[in-house]
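Reader: I should like to learn how to read a protein model feature by feature. May we begin with the spaces inside the protein and then turn to the strands and helices?

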Amino acid sequence: MESQGIEHRTVEVNGIHMHVTEKGNGPLILFVHYFPELWYSWRHQILALSDLGYRAIAPDLRGYGDTDAPASPSSYTCFHMVRDLMALLDAIAPDQEQVFVVAHDWGTLITWYLCLFRPDRVKALVSLSVQFMPRNPQRKVIESLQAAYGDDYYVCKFQEPGVIEAEFAQMGTTRVMKEFLTYRNPGPLFLPKGKGFGHPTDTPIVLPSWLSEDEVNNYAAKFDKTGFTGGINYYRNLDINWELTAPWTGA
């Protein structure tokens, strides 16, 4: 991607080193990826939007890619997420009071918090796949998901440190990436123990036209280096985020 003019640099934010990519000049668009992806997920949008006169920015979030991955799950709360984005914007675009934000899946959860905590900094949000979910003061998140879907629902399965990481290691990083990137079932994702994504792990996966083997390998190389724990730690803070955001109930 460097050959197409996308620049890479490292910015220190809140005691960690964050890898960020960018291209173009003009109003800033901040792209926020999801699990298990990277800045690389936005490579096509970075090129397209920069050509239209925007400055496109896409970081690896904490725990991902070439950004630091603190070991403790407690380092991945909603406050850490929003602080990282605020510090990044202050460092790379101190002249822009408000920015456009585009996010997908887990990235949208982060940016809904961004809009909730710092609406003064967001000009507009494009939320792909996850709508705003007001805090339910009656029930914690994981309790609600377990009641609705059971313990094999992927978010519930992610809660116990080390469990899903061991299963992913057994499947292999490349296989895990192909499963996630090609998953097309609109229903809930279940990960029963020893059954992977619901079919044998040697079942051939046909990649769609928009995803090549080289691109999958690009993702896999980064997750081979960092592991999946950083990204999964976001899920392990859902109940903690529920507690932290009590003052925003009804907002």
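Author: We may. The largest share of the lining of the largest cavity, three residues, is supplied by helix 2. Please keep in mind that this is a predicted model.

Reader: What is a cavity, and how many of 30 Å³ or more does the structure hold?

Author: A cavity is a set of points where a 1.4 Å probe fits but cannot get out. The structure holds one cavity of 30 Å³ or more. The volume of the largest cavity is about 40 Å³.

Reader: Which residues line the largest cavity, and how do they divide into nonpolar, polar and charged?

Author: The lining is made up of Met18, Leu61, Arg62, Met81, Asp84, Leu85, Ile110 and Tyr234. Six of these residues are nonpolar, none is polar and two are charged.

Reader: How much space lies in the second largest pocket, and which residues line it?

Author: A pocket, unlike a cavity, is an open set of points. The second largest pocket holds about 180 Å³ of space. Among the residues that line this pocket are Val163, Glu167, Lys193, Gly196 and Thr201. Its lining divides into three nonpolar, four polar and three charged residues.

Reader: Let us turn to the sheet. What is the order of its strands?

Author: A sheet is read by asking which strands pair. Here six strands form an open sheet in the order 1-2-4-3-5-6, and the pairing is mixed. Strand 1 (7-13) and strand 6 (122-128) are the edge strands, each pairing on one side only. From one strand to the next, the twist averages 25°.

Reader: Where does helix 1 pack, and which strands does it touch?

Author: Helix 1 (residues 43-51) packs on the sheet and touches strand 2 (16-23), strand 3 and strand 4. The direction of helix 1 makes about 50° with that of strand 2. Helix 2 (residues 78-92) also packs on the sheet, where it touches strand 1, strand 2, strand 3, strand 4 and strand 5 (99-104). The direction of helix 2 makes about 120° with that of strand 1.

Reader: Do strand 1 and strand 2 run parallel or antiparallel, and how many bridges join them?

Author: Strand 1 and strand 2 run antiparallel and are joined by seven bridges. One pair to locate is threonine 10 with its bridge partner in strand 2, histidine 19. The two strands form a hairpin with two residues between them, and asparagine 14 in the turn has a positive phi of about 50°.

Reader: How do strand 3 and strand 4 run?

Author: Strand 3 (residues 28-32) and strand 4 (residues 55-59) run parallel, with three bridges between them. Leucine 30 is opposite isoleucine 57 in strand 4.

Reader: Which residues in the loops deserve a look at their backbone angles?

Author: Two of them concern phi. Aspartate 105, which is not glycine, has a positive phi near 55°; it belongs to the loop between strand 5 and helix 3 (106-117). Serine 129 has a positive phi near 90° and is in the loop between strand 6 and helix 4 (141-149).

Reader: Is the peptide bond from phenylalanine 35 to proline 36 cis or trans?

Author: That peptide bond is cis, with omega near -5°. Proline 36 is part of the loop between strand 3 and helix 1.

Reader: Which residues does UniProt list for the domain?

Author: An unreviewed UniProt entry lists residues 27-175 as "domain: AB hydrolase-1". Over residues 27-175 the chain is 41% helix and 15% strand, and the end C-alpha atoms are 38 Å apart.

Technical notes:
Residues numbered from 1 in each chain as written. Predicted model: local features only at pLDDT ≥ 70, side-chain atom pairs only at ≥ 80, totals over all residues. Heavy atoms only, no water. UniProt positions renumbered as here; feature names shortened; annotations may be inferred. Helix = DSSP H or I, 4+ residues; strand = E, 2+ residues; numbered from the N terminus. Pairing = 2+ DSSP bridges. Axes fitted to C-alpha atoms, helices over the stretch in contact; angles between N-to-C directions. Contact = heavy atoms within 4.5 Å. 1 Å grid on protein atoms, 1.4 Å probe; cavity = no way out; pocket = protein on both sides within 12 Å on 5 of 7 lines; lining within 4 Å. Points joined across faces, edges and corners; volume = space filled by probe spheres on them. Nonpolar A, V, L, I, M, F, W, Y, C, P; charged D, E, K, R; others polar.
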